[in-house]
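Work through the exercises below on empty space in a protein model. Try each task before reading its solution.

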Amino acid sequence: RWSQAIMPGNPLHGKLTNKGQGHGQGHGQGNRTNGGLDAGPSVVTMGDSTTLFGSSMMDDTIPNSGRRSAPADLQGGGGLGGFGSMHDSTGRRTSAPIYTPLMKAAAAGDEETVLSILEDKSLDLFVADEKGRTALDWARIARKDEVATILQECMGDEIDARRFKLEAKRRRDELQSMVTRNTRARRALIQSVDDRRPESVAELLRVTREVKEGVGALTRSSFNHAIKAVLRRSERSGEEGQFWLDMETDTGGTALILACSVGDLPLIKLLLSPEHEIRLDHETQRGHTALTWSCVCGHVDAVTLLLDAGSNLRRPTQYESRTALHHAAFHQHAPVVQVLLDRAMSLALHEKYQAETGIAHMTAKEKEFHERNWLKVYENFVRTCDRFNQTALQVAEDQVGNDEVVALFTAAESRIHNREWQLEQLDALGKRTECAQGCGYATRADKIEFHE
């Protein structure tokens, strides 16, 4: 603690004289001028003599050149814990020394009085006289070690408390700056999306990753932490509590949809970075997600990136109940349709693999069900109907010159029919059949021929 550093390094070196006497040739006049019972905070009796702790002796005991001050953030008369200064009612500095009751009790070594004074929580322990001496200094000058220890501990605790308050204030200011930074980024993003400038969005992503004015990178996790500490609960549901990448313009545009509409793959990759935690399946007021809008625009690579990032392939939109497959078929994007069908088949094969290998930890009945109906994932995806009760194939057939897309759906339907035929054959082979010789024995149709 810095308070340990202000203990005078030199012992008392002037001869302590009786009341009314000087301290030597150099200090006699000073004591005659400033001496007496009112010269210091206390009068201490040592044996038969009475010793004054006057200002002249203090000049010799605590030289200003040897004093270390408090840390800069704890100084200042009007700030947190600064040294007290003496001023009159007009604000001018007074020359007469002012000694507080704590200084007098400390110089006298009165522990009971010191403890009683310290019970006042509003007490400023760092108030000093005209020479910058605190109560702790007076206790050390008078060699009252017990009182000095008490004051040192109290001042150390006070310094720790003030530093904690300063650190808490600094941290809150940082969190407030994070919220302010998010507000500026949100406004800039809306303007960039309205102007259809993906390069401006990329620049915003670069800037928000940097440490600016002592504030760290603007990520979703750091922003959520900031709004919990700064904003009231009612304010978190408004625009102030909305992460800047989640902002949607009046026309239903977002940063991710803008990148998907122009097929800007580097920007899409930046937006899909884990630290942004962007909402992949968020549906805008126009009734589109990033995946469905990529299918509308026909950007195959954008569709692949979104699917690899975890976008929901089978999720229908709320407005039209159309999946990404419906939109790709309607806008005649055969390559996109092929990517979606292949991804649906991959999901079906993955489910079949889990059932066969036991990775999914299923019961025997569940395992049998999934082994039999593994293609249902693919079938349900292809045959999902929209709000107008149309499948993606029917939507494709309604468009003129959409033969390539229709051919893809025809192949998908053929695959589904083949699996249905296989299941019919399996059911026929497993059907219970009686012995043709009339003996009454019955078993599966595929095993009855081995009956003797």
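On a 1 Å grid over the protein atoms alone, a cavity is a set of points where a 1.4 Å probe fits but cannot get out. A pocket is an open set with protein on both sides within 12 Å along at least five of seven lines. Lining residues have an atom within 4 Å of a point. Points join across faces, edges and corners, and a volume is the space filled by probe spheres set on them.

The model is predicted: local features need pLDDT of at least 70, side-chain atom pairs pLDDT 80 or more, while totals for chains, interfaces and linings use all residues. Numbering runs from 1 along each chain as its sequence is written, and side-chain values use heavy atoms, without hydrogens and water.

**Exercise 1.** Count the cavities of 30 Å³ or more, then describe the largest.

Step 1. There are three such cavities.
Step 2. The largest holds about 100 Å³.
Step 3. Its lining includes Leu245, Asp246, Arg279 and His282.
Step 4. Sort the lining by class: nonpolar (Ala, Val, Leu, Ile, Met, Phe, Trp, Tyr, Cys, Pro), charged (Asp, Glu, Lys, Arg) or polar (the others, Gly among them). The split is six nonpolar, three polar and two charged.

**Exercise 2.** Characterise the largest pocket.

Step 1. Its volume is about 240 Å³.
Step 2. Among its lining residues are Asp120, Lys121, Cys154 and Arg162.
Step 3. Helix 6 (residues 145-194) gives the most, four residues. Helices are DSSP runs (H or I, at least four residues), numbered from the N terminus.
Step 4. The lining has four nonpolar, one polar and six charged residues.

Technical notes: Helices (H or I, at least four residues) and strands (E, at least two) are DSSP runs, numbered from the N terminus.
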